[in-house]
Amino acid sequence: MRWLAVIAGIAVLGGVAMAQKQERQQKAKATIVAFVVDGMHCDNCAVNLTRALKSVGGIQDASVSFKEKRAVVKLDEKANLVSAIEQVHKTVPYRLALLLPIENWANVDRGKAVKTVKEVKGVLEAKEHEQGILVTFQPKASVRYQDLIATLSRAGFKSSDHQKLNIHQTSHQHRNDHQCECCEEGEKSAQPRHHQHERGESGCCSGC
Ligand SMILES: [Cu+2]
């Protein structure tokens, strides 16, 4: 009878492994979304924002660059973009505007592209940005990223490769004379130090 129990055990383990695999596959159904960030003062602000983004439901991963004033997140395809942004705005003082990168942006009819986005339900404002269209939303609106892309596509605009916008590293610098007014991360060590974190790696200081 023992071998029966072993077989049953293997079957159960196999089932668990399959369920885990399915979960991973479900999680993989995401889209990369970029934001232009306003209000960050130092690299620790970027760390704070990264943490805030990662705690939002629907956001699977996030990386923020203080230098580039940019946040890149991996968002569930079906997530409501607006409620994700609003959740972030509730917890940290940085403002996010969606950046829609458009292929061949230098040569397309930018005015038409901006107008197309402006007409999407839930969009408050759309304007030109050097890399694409900058979008803000009406409060409590419901907008999915895919809908914006589909609307642009129907008007003849293709969103460019978001992978290019992916920021792979979060780096931050601490200085002993520095105290940021909005993130309240001061430096306790005597020497300024600079360190980098790979994506997904957990950090070494309280700001990480
Ligand atoms: Cu700061």
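**Group meeting: a walk around the six-stranded sheet**

Okay, let's start in the middle: Val 33 sits across from Val 73 of strand β3. That pair belongs to the match between β1, residues 30-38, and β3, residues 70-76, which are antiparallel and joined by seven bridges. Before I go on, keep in mind that this is a predicted model.

So what packs on this sheet? One element is helix α3, residues 81-91, which touches β2, β3, β4 (95-101) and β6 (132-137). The direction of α3 makes about 145° with that of β4. Helix α4, residues 110-118, packs on the sheet as well, touching β4, β5 and β6. For α4, the angle with the direction of β5 is about 160°.

Now the sheet as a whole. It's open, it has six strands, and the order is β2-β3-β1-β4-β6-β5, with antiparallel pairing. At the edges you find β2 (59-65) and β5 (123-129), each of them pairing on one side only. If you ignore direction, neighbouring strands in this sheet are turned by 30° against each other on average.

Let me zoom out for a second. The protein has five helices and eight strands, and going along the sequence you read α-β-α-β-β-α-β-α-β-β-α-β-β. There are 208 residues, and 30% of them count as buried. If you take the contacts with a separation of 6 or more, 66% are between residues 24 or more positions apart.

On to the core. Which residues touch the most other members of the largest nonpolar core? They're Leu 49, Leu 53, Ala 71 and Val 117, out of 47 residues in that core. Helix α2, residues 43-54, gives the most to this core, with six residues. Let's click on Leu 53. Setting aside neighbours within four places in sequence, Leu 53 is in contact with Ile 59, Ala 62, Ala 71, Val 73 and Val 88. And yes, that Val 73 is the residue standing opposite Val 33, where we came in.

Next, two spots on the backbone that I'd like you to look at. In the loop between β2 and β3 there's Lys 69. Its phi is near 50°, so we have a positive value in a residue other than glycine. Is Lys 69 buried or partly exposed? Lys 69 counts as partly exposed because 15 other C-beta atoms lie within 10 Å.

The other spot is Asn 104, in the loop between β4 and α4. Here phi is near 60°, again positive in a residue other than glycine. With 9 other C-beta atoms within 10 Å, Asn 104 is exposed; the cut-off for that label is 12 or fewer.

Last stop, Gln 146. You'll find Gln 146 in helix α5, which covers residues 145-154. Which residues does Gln 146 touch, not counting those up to four places away in sequence? The answer is Thr 31 and Glu 77. Thr 31 falls in β1, residues 30-38. As for Glu 77, it's 69 residues from Gln 146 along the chain, and their C-alpha atoms are separated by 7.1 Å. Gln 146 has 13 other C-beta atoms within 10 Å, which is why it comes out as partly exposed.

That's my tour, so let's open up the model and talk.

Terms used: Residues numbered from 1 in each chain as written. Predicted model: local features only at pLDDT ≥ 70, side-chain atom pairs only at ≥ 80, totals over all residues. Helix = DSSP H or I, 4+ residues; strand = E, 2+ residues; numbered from the N terminus. Buried ≥ 20, exposed ≤ 12 C-beta atoms within 10 Å, placed from the backbone. Contact = placed C-beta atoms within 7 Å. Pairing = 2+ DSSP bridges. Axes fitted to C-alpha atoms, helices over the stretch in contact; angles between N-to-C directions. Core = buried A, V, L, I, M, F, W, Y, C linked by C-beta atoms within 7 Å.
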